[in-house]
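Student: Please choose a single part of this model and look at it closely with me. After that, I would like to know how the rest of the chain is arranged around such a part.

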Amino acid sequence: MKKIFFFILTIGVIPGAFGQRALFPDVLNLRTDPPEGKRIEQNVFSDMGAWHAYALPLQPKDYGAFVGPLVMDMNGRWLSGAVSRLAVAVNGQKRDFAGAKADIHYFPGMLEQSFVWKDISIRQQLIFVSGREALLHTHIRNHSGNPLQLQVEYFGRVKGMEVKNTGLEGQRFSIAWPSADSTYADSLRYAAVWKTSLRPGAVFDQTQRHSFAPDGNHPNNQYDFNTELKKNTARWNGYLSKYFAGTKRLSGDEKRLAVKGIVTLMTNWRSASRDILHDGVFPSVNYQGFYGVWSWDSWKQAAGIATFFPELAKNNIRSMFDYQDAHGMIADCIYADKSENNWRDTKPPLAAWGVWEVFRASKDTAFVREMWPKLVRYHEWWYKHRDHDGNGLCEYGSTDGTRIAAAWESGMDNAVRFDSAVMLKNNAAAWSLNQESVDLNAYLYAEKVYLAKLGAIAGERNHFTEAALELKRGIGDRFYDAPAGYFRDRMLGAPKHVPVDGPEGWIPLWAGIATTAQAAAVKSKMEDAKKFNARVPLPTLSIDHPAFDPEDGYWRGPVWLDQFAFGTEGLRRYGYRKLAAALETKLLTGAEGLLADQPIYENYHPLSGKGLNARNFSWSAAHLLMILKNK
């Protein structure tokens, strides 16, 4: 079997080619049969915000076909094992792709298969040209000294689609091809055939346009493949050039990891469609339950995407604020069908931080002015609807009074620290947990700091600097557990702290709230091998806690890369640079496949390094990009 290559680093541009790349093998489980269930196992390829994707073939018997398409709407599914399979006959003899010299590649922005025999070579390339369209280009060259009679056939399995001489038409998916010499179709299968004579050195070129339109409105654009390939090359080299500018300390493996992070985010990008009004980024293409745009995912994704594609970062933020309600609340998540939007809770307030990171990368003051009033309304919403006792310190909660939605609002869905919390009613549409959370109030402090900066850029006078100083004092007094040497949550009306140590305890370092002595105490726990300094450091629950369960615990032990990154950023803020760098090295070398050819996971087992839960996870990729960018 020939090697398949994946996530290739573009070093420079070769005229007429896609670029010069350093290659490394891909051992992912790519298969041509559509998988069942909600988990999409393939490492699929999508680009430009398209709602459909493809994968490479794994077995030589499937060479000449790109797997798919996979559609990624609310009912994500594989439309076909391979909707366009290539068969070629030369002088009446069918060619066996498995017998050719084959190269199969997943490049940033392109899938490619090439096959070489003594007399002919075939190259297939697949690129996206819009959020609805992909081009499949076939290039066949006669290398022999004799004229050859060539028959080219594309065929596939389809259902409920009309086959014409110039293409395949369905309600939402279609293929347009040059007029065929003959076509065949029944209820499940189609074939289109082209015949030609190739003189020595001559070339057969053909481009098909595949379109998936989530709303059924197919574009009818005409494209020149070579022109579009040059645009594709320039676009992807632009992403990589922007990201790598100034990153002189990265190793080759770290550069490849950065490319993998960029590809992950671009694959999860969805263009505006139906009720999603701006382009957004899904958490993961590999899990159908994540086929929507989620709020704190979006803030974190935007900060990472801004390092290479600020315009998408802006739209990712806009997509959530498109649905800001009359009170200022942002939904937990939104979907292409807005009736599915989750208004039971929101997510931790990191939106102003996300906008600030986008501004740092883009210097777009107009975007800041656009977002300013929306950010202020969202910030004020917390104090109106999530401060049960009116003391200026907020709680996580829900709009429907359910405890599960309140836990979701924390983002740490089943964190141990909430096990004893109950619900309290604030008003007709707002409930709080009876627990003030240190991370929530540290995030709100950070938001005040960023709002003050953004307000100055927007030319808006504001009080956020003074409000931040007042809140900083309140957080230190309320949440620092001096005997434990750690920041912890507090139950309303209770004299003691919640005796659980998780990442919430180092968020005050990230926000800049801790005193020097408090930061030193927190740092000592973070570097303690019995607490947080595991093979993959900084799990979401202290290792010595009885409920520590990385394999099945979700927020009860796995390492989540957002919380990891907040931890190392917090350490650097207080001067612990060597420790932060050491923890980051342990992450990169200890977490399964980060520096190899495996996908980026949702989270990682701190003791074994095993990748856990969803593959190709967006906020993990975003935070890895930020970690590497700051080395």
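Tutor: Let us take helix 4, whose 12 residues should span 16 Å at 1.5 Å a residue, and whose end C-alpha atoms are 17 Å apart, which agrees; the expected span is 1.5 Å times one less than the number of residues. Helices (H or I, at least four residues) and strands (E, at least two) are DSSP runs numbered from the N terminus, and residues are numbered from 1 along each chain as its sequence is written. The model is a predicted one, in which local features need pLDDT of at least 70 and side-chain atom pairs count only at pLDDT 80 or more, while totals for chains, interfaces and linings use all residues; side-chain values use heavy atoms, leaving out hydrogens and water.

Of the 12 residues of helix 4, 11 are buried, so this helix is largely enclosed by the rest of the structure. Buried means under 20% relative accessible area, exposed means over 50%, and partly exposed lies in between, with a 1.4 Å probe and protein chains only. Among the buried residues of helix 4 are P310, L312, K314, R318 and F321.

A313, which lies in helix 4 (residues 310-321), deserves a closer look, as its relative accessible area is 0%. Contact means heavy atoms within 4.5 Å, and, leaving aside neighbours within four places in sequence, A313 is in contact with A302, I305, A306 and V358. V358 is 45 residues away from A313 along the chain, yet their C-alpha atoms are separated by 6.7 Å.

Helix 3 (residues 295-305) holds D297. Although D297 is buried, it has no salt bridge, and K300, the nearest side chain of opposite charge, is 5.8 Å away; a salt bridge needs a side-chain nitrogen of Lys or Arg within 4 Å of a carboxyl oxygen of Asp or Glu. Not counting residues up to four places away in sequence, D297 touches P283, F617 and W619.

For another helix, take helix 9 (residues 464-479), where 16 residues reach 21 Å from the first C-alpha to the last, close to the 22 Å expected. Its buried residues include F464, L471, I475 and F479.

A strand can be enclosed too: five of the seven residues of strand 9 (residues 101-107) are buried, so strand 9 is largely enclosed by the rest of the structure. Strands pair if DSSP finds at least two bridges between them, and seven bridges join strand 9 to strand 10 (residues 110-116), the two running antiparallel. H105 has E112 in strand 10 as its bridge partner. These two strands form a hairpin with two residues between them, and G109 in the turn has a positive phi of about 90°.

Finally, the whole protein has 14 helices and 31 strands. Its radius of gyration is 26 Å, close to the 25 Å that the globule rule gives for 631 residues, so it is as compact as a globular protein of that length; the radius is taken over C-alpha atoms, and the rule is 2.2 Å times the number of residues to the power 0.38. Buried residues make up 62% of the 631 residues, and among contacts between residues at least 6 apart in sequence, 64% join residues at least 24 apart.

How values were computed: Lys and Arg count as positive and Asp and Glu as negative; His and the chain ends are not counted.
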